[in-house]
Amino acid sequence: MGSIEKAEVTTGVWWVEIAKANLRILCGCPADVVKHLMKRGLISTVERDGVTYETGPNAILLSDVMVQNGTFSNLGEFPVLQMLYRQGMIIPDHPGNTGAKPLLIGSAEQVRAQLQYIYRGNYGLINEEELVEAGATPQQAKDLMRMKLKFAFGRIRHPQELLDTLNIDNEPVEIRDGVTIRRVRLNTFEICHGGECVTVDLTLPPFETYECPYPLGFYNMQRDYFSVVHSGEGDGWDINRPSMGAILMFQGRVYLIDAGPNILFTLDALGIGVNEIDGIFHTHSHDDHFSGLTTLIRADHRIKYFATPLVRASVARKMAALLSIEPSAFADYFECHDLVEGEWNEIDGLEVRPLFSPHPVETTLFMFRAPWEDGYRSYAHWADICRLEVLRGFVTDDAEEPGISKAMYQAVAASYALPANIKKVDVGGGMIHGDAYDFRDDRSGRLILAHTSGKHTLAQKAIGSTASFGNVDVLIPSNHDFIWRSAFELLQAYFPDIAHHQLRVLLNNPVSTFNPGTILVKERRPTENIYLLLSGSIEALHIDGGARSVLSAGAMIGELFALFEAPVTETYRAIGFVKALRIPSSLYQDFVRRNDLSASITRIFENRQFLQRTWLFGEVVSTRTLNRIAKEMTLSRIPEGETIDIGPESVALVVTGQVGRYLGEQQVEVLRFGDFFGEELSIFWTPSMFRLKALTATEVFLVPAGLLAGIPSVRWKLFETAGRRMTSIFESEHGTNGGRLHWREEYRVDVLRLDTQHRRMFEQANAILDAIKAGISGPEIVPLFDAMAEYAHYHFGEEEALMLRHAYPETEAHRAHHALLSEQLQVMRQTFKDSVEPTQIDFLAFLQDWLVGHIVVEDKGYTRFLNDKGVY
């Protein structure tokens, strides 16, 4: 056996162990990865010196790419907690505490993003200023910070104090004891020791997602009037069950309570498509309740997000830390509705009352109720509560010391005791979770114990019940099937201009239920029916292209054959239980003729078929949404060799031909069928640093950006691709020759999004230097200056807005210096425009002062100030 052992943990995750160096590297850390390690035996329980504790990794290798195939790739919160506490690396006098800290390995950007995400995961909002900004009164903010400090043992500590970090590049760097690591290419790494090397590729294969560590089975859920579907009773360490959560059915609508890891698998198991979700009620930002949010972004509409302002602010800041975006961007993906804490809030007939819950991060309990014959029927969801014994120990009369007041304790105890018809409570124990004994005298109709990975004791069993995955508690029964309302609403959205009595012709057909794995329509086979998907998810399998896409409620299947008798090009297969309106093809043909729809449907059908075959639109986007896009998109033809400028109003999709993406004179990417461009400016309002040229005669569809900006799944994929493209530029090896600007770690201002923008400016500057070296004439270089000036203007605005928001005292001086820099760049532009021999201009020396000098002198002046405000 060699000195290095490598094993696949699960799709996209690897384990590398070098025993001689006492190094165990977890390579990749998506949600629930700790559970995978436990199942593989890579985390096990041992006893030493009378202390029982766990083994496991002592280092994490991060993916170069934060988001892959729509899912977070780097979620180190639970692996780090496992190392610190369950392995004992931070516990005094513990056998697992050797003095070594957990190690984060990766690109500088991903390491820093991970530190900030863990920071937010530990504490949420970190000071009184942030709490007040989020909506707390000054006194509430003071009280909450006293409580947070008590949970934090007196001090808010940045993860840099608890973890070691190692930034890696294309050259080998030593981890320790002769073990080295280097980046081979984007997201692929080589680890070596003693002359032996292994390669680790963290790239998630196309159309694949990270695997779920536990089986769930399949359930055929009814859309009740008011019911609770139990979708998770475990915690972040339970290898057999999802983390604590629930799904509310109210008047046929579907609402989630929290979105923990593997929520997509949960929805598939319960026969619920992501497009069916009306909203989510969010308790707090810990990963076992948070990491599934990206799944909800896959919908073709902004799902409603219900939380108190403090919880929303905490969640938005954590997501912003992960993705290096502004917290305000959270609202681009969710329709945010703030709830008033302590009061009943009405949401389309459902009443919800959020209640304060003491926790290290902003947290609320939820009480739901709806009127019924005996007054109300209610459900209480007490996720992540603190046992009363711990809270009593927090009580202090000193208003300046960490802790809580007696009044806060009494209010929390009174909230815990509120009765409900069904109440689910966290009994995970320890310092920050609940205790079943606190509910021994609870007056609820049914008490369910949850949020634990261990077996219940006899005493706990005598206090509360358990609920298995997929169990349903019906609070108010339904006397009709809400699936018909969904069918009518989907048909109405699909045919908005058709009279209701005509829609009822289609509606007067049976709803068929398909078992998991059933093929509804098979490729190249005739079909006698078309299907309007009402609930559940279906995978469309493109056998020839090896592609897979997932369809949810609103998708129309088999329409192509019904209208044109053309062969079906995909196989459609149920993932879980699926309900679909079954419409005979002959009836549908007659409906189209009688309503004179043939011409309009034919006009958009080819466009829609193209959209469905692309990665950008092929998943989850419903047929009605695709129809809306197909109607508005226009075809544009671009001659070979022409530089492409589509303007700020559109995103372009390549239909035929090839488009080159250039950074200066360096070709960095070739775009082909289904690829897209133009999203930087039209969607994210960020000037592009790339130039585009038709490598062959090319056809592209231009899609109005306004349509795409409101589709979360599409916006998310655009964001993922933009991030991957920039990361590949930053981490690539091209252009490492002399005569260029080289980014160095000492240029960091420790505000990640500003550092990313600075690196983009370095790349733009290098594009100009490359053009000079290649002998390009001065006037031909001018467009590169224009692109750099446009991006510099954008960056200066972003920087100044951040300074103003946090009242940086040197804001005006900094703004004046930005104005001077803009003038200097225009002077240099004119110099090049007038130059006969650009190689005689010492542009590199100009950049050392204009760009590097400004960063290390003026920009680094705000680092400490903004970091102290919690901005990283």
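Is W716 buried or exposed in this structure? In this predicted model, W716 has a relative accessible area of 2% and is therefore buried, as the cut-off for that class is under 20%. A helpful way into the structure is to follow this residue to its ring partners.

Across the whole structure, a search finds 44 aromatic pairs. In one of them, the rings of F72 and W716 have centres 6.2 Å apart, and their planes meet at 85°, so the pair is edge-to-face. This contact joins distant parts of the chain: F72 belongs to strand β8 (residues 71-72), while W716 belongs to helix α21 (residues 712-731), and 644 residues separate the two. F72 is likewise buried, with a relative accessible area of 1%.

The neighbourhood of this pair is worth a look too. Ring pairs link F72 and W716 with F290, Y333, F684 and F719 into a cluster. One member of the cluster, Y333, also has a charged partner: the charged end of R715 sits over the ring of Y333, 5.8 Å from its centre. Another arrangement of this kind involves W344, where the charged end of R369 sits over the ring, 3.9 Å from its centre.

A further aromatic pair is formed by Y808 and Y862, which is edge-to-face, with 6.3 Å from centre to centre and 90° between the planes. Here the linked parts of the chain are loops, 54 residues apart: Y808 lies between α23 (778-805) and α24 (811-834), and Y862 lies between α25 (843-857) and α26 (863-868). Y808 is buried, with a relative accessible area of 9%, and Y862 counts as buried at 1% relative accessibility.

Conventions. Residues numbered from 1 in each chain as written. Predicted model: local features only at pLDDT ≥ 70, side-chain atom pairs only at ≥ 80, totals over all residues. Heavy atoms only, no water. Phe/Tyr/Trp six-rings, centres within 6.5 Å; stacked < 30°, edge-to-face > 60°. Helix = DSSP H or I, 4+ residues; strand = E, 2+ residues; numbered from the N terminus. Buried < 20%, exposed > 50% of the residue type's maximum accessible area, 1.4 Å probe, protein only. Lys NZ or Arg CZ within 6 Å of the ring centre and 35° of its normal.
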